[in-house]
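These notes are for a colleague opening this entry for the first time. Please keep the sequence and the model side by side while reading the points.

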Amino acid sequence: MTPHSPCPPIALEQLPRLKELFAMFNAGRHVNRLSEPVLWAELEREAPQYERVFGALGYELRIDGRGYAWFQTGEASATVSKATRQLALLFMLIFEQQADCGQHLGRFVDWRIDRALLAGLLDKNRALLDAEGLAEPEHLQQLMDTAARYGFAEAANSGWRLLPAVFRYLDRFEALAASVNLADDVVELAMAKHEPEQEPEPEPERGAA
């Protein structure tokens with residue numbers, strides 16, 4: 001196909017899940033391989049077609065090979081922005097706590113987030129959570145329900161488990177940590193470079209006691 005030749009028509013009959021996928025993405029949800037295996041298989045199989053259809057409608061479909069997809073949006077409402085900020089704080093604290101327990105962060109889908117874990121987060125970070133209006137156990141539980149509503153988690157075994165979409169937050173946390181460490185290294189290198197060299201101590205004169 002030459003650069004100027006028209007694109008072939010979209011075969012909508014090959015996209016039986018189009019309406020269902022659009023409704024989920026347009027509501028701000030993520031489609032996850034673990035929680036929606038049928039939808040994920042359909043999306044993965046016909047990815048170029050779905051990207052074309054949604055692109056023609058003015059939406060940017062993002063598909064991450066680690067098992068999740070979403071509509072990338074530029075601006076969000078104040079409600080969504082608040083939820084995003086609060087979820088970022090909650091996930092950061094969960095990752096921090098699990099790292100302290102020796103858990104591998106990349107295996108977060110294997111963790112069980114229960115009320116006891118959330119209570120521990122609250123006891124350890126009460127001032128920080130209070131600043132976001134999350135100072136009560138039920139507030140954190142409601143926030144986990146919000147995470148489930150947007151496809152970052154799902155209810156499981158009287159608690160929740162995190163879904164692959166949480167990689168969006170983990171990637172940001174790791175990038176931020178790397179940039180902070182890099183900045184620290186640069187500062188240390190600059191300080192070492194500008195430290196005055198110490199003059200060698202004079203040798204004692206011969207014959208001196």
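1. The model is a predicted one. A place to begin is helix α1, whose buried residues pack against β1 (31–32), α2 (37–45), α3, β2 (60–64) and β3. Those buried residues are Leu18, Leu21, Met24 and Phe25. Viewed along the axis of α1, they fall within an arc of 135°, so they line one face of the helix. In general, an α-helix has 3.6 residues a turn, so residues three or four places apart point the same way. Just after α1, Gly28 has a positive phi of about 90°.

2. Phe25 also belongs to the aromatic pairs, of which the structure holds 18. Its partner is Phe54, and the two rings are edge-to-face, with 6.1 Å centre to centre and 85° between the planes. This pair links distant parts of the chain: Phe25 lies in helix α1 (residues 18–26) and Phe54 in helix α3 (residues 47–56), 29 residues apart. Are these two rings buried or exposed? Phe25 counts as buried because its relative accessibility is 2%, and Phe54 counts as buried at 0%.

3. A further pair to inspect is Phe152 with Tyr169. The ring centres are 5.3 Å apart and the planes stand at 65°, so this pair is edge-to-face. The cut-off that matters here is over 60 degrees for edge-to-face. Phe152 sits in the loop between α7 (137–149) and β4 (153–156), while Tyr169 is in helix α8 (residues 167–194); the two are 17 residues apart, and the pair links distant parts of the chain. Phe152 is buried, with a relative accessible area of 6%, and Tyr169 counts as buried at 7% relative accessibility.

4. Which residues share an aromatic cluster with Phe152 and Tyr169? The cluster also contains Phe91, Phe95, Phe108, Trp111, Phe167 and Phe173. One of these rings, that of Phe167, has the charged end of Arg66 over it, 4.4 Å from the ring centre.

5. Phe152 is worth selecting on its own. Leaving aside residues up to four places away in sequence, Phe152 touches His30, Leu87, Phe91, Ala147, Arg161, Leu162, Leu163, Ala165, Val166 and Tyr169. Phe152 is also listed among the residues with the most contacts inside the largest nonpolar core, together with Phe91, Ile113, Leu118 and Leu162.

6. That largest nonpolar core has 33 residues. The elements that give two or more residues to this core are β3 (68–72), α4 (78–100), α5 (115–124), α7, β5 (159–162) and α8. Which element supplies the largest share of this core? Helix α4 does, with 8 residues. A second, separate core has 15 residues, including Leu39, Phe54, Leu61 and Phe71.

7. Strand β3 deserves a point of its own. It is mostly covered, as 4 of its 5 residues are buried. β1 pairs with β3 in the antiparallel sense over 2 bridges, and Val31 stands opposite Ala69 in β3. β2 also runs antiparallel to β3, joined by 5 bridges. Ala69 in β3 is the bridge partner of Ile63. The connection between β2 and β3 is a hairpin with 3 residues between the strands, and Gly67 in the turn has a positive phi of about 115°.

8. A hairpin is also formed by β4 and β5, with 2 residues between them. The two strands run antiparallel and are joined by 4 bridges; Ala155 stands opposite Trp160 in β5.

9. The turn of the β4–β5 hairpin should be checked for its backbone angles. Most residues other than glycine have a negative phi. Asn157, in the loop between β4 and β5, has a positive phi near 55° and is a residue other than glycine. Ser158 lies in the loop between β4 and β5 and has a positive phi of about 60° although it is not a glycine. Are these two residues buried or exposed? Asn157 counts as exposed because its relative accessibility is 63%, and Ser158 counts as exposed at 61%.

How values were computed:
Residues are numbered from 1 along each chain as its sequence is written. This is a predicted model: local features need pLDDT of at least 70, side-chain atom pairs count only at pLDDT 80 or more; totals for chains, interfaces and linings use all residues. Side-chain values use heavy atoms; hydrogens and water are left out. Rings of Phe, Tyr and Trp (its six-membered ring) pair if their centres lie within 6.5 Å; planes under 30 degrees apart count as stacked, over 60 as edge-to-face and the rest as tilted. Buried means under 20% relative accessible area, exposed over 50%, partly exposed in between (1.4 Å probe, protein chains only). A charge sits over a ring if NZ of Lys or CZ of Arg is within 6 Å of the ring centre and within 35 degrees of the ring normal. A nonpolar core is a set of buried Ala, Val, Leu, Ile, Met, Phe, Trp, Tyr and Cys residues joined through side-chain atoms within 4.5 Å. Contact means heavy atoms within 4.5 Å. The arc is that of the directions from the helix axis to the C-beta atoms. Two strands pair if DSSP finds at least two bridges between them.
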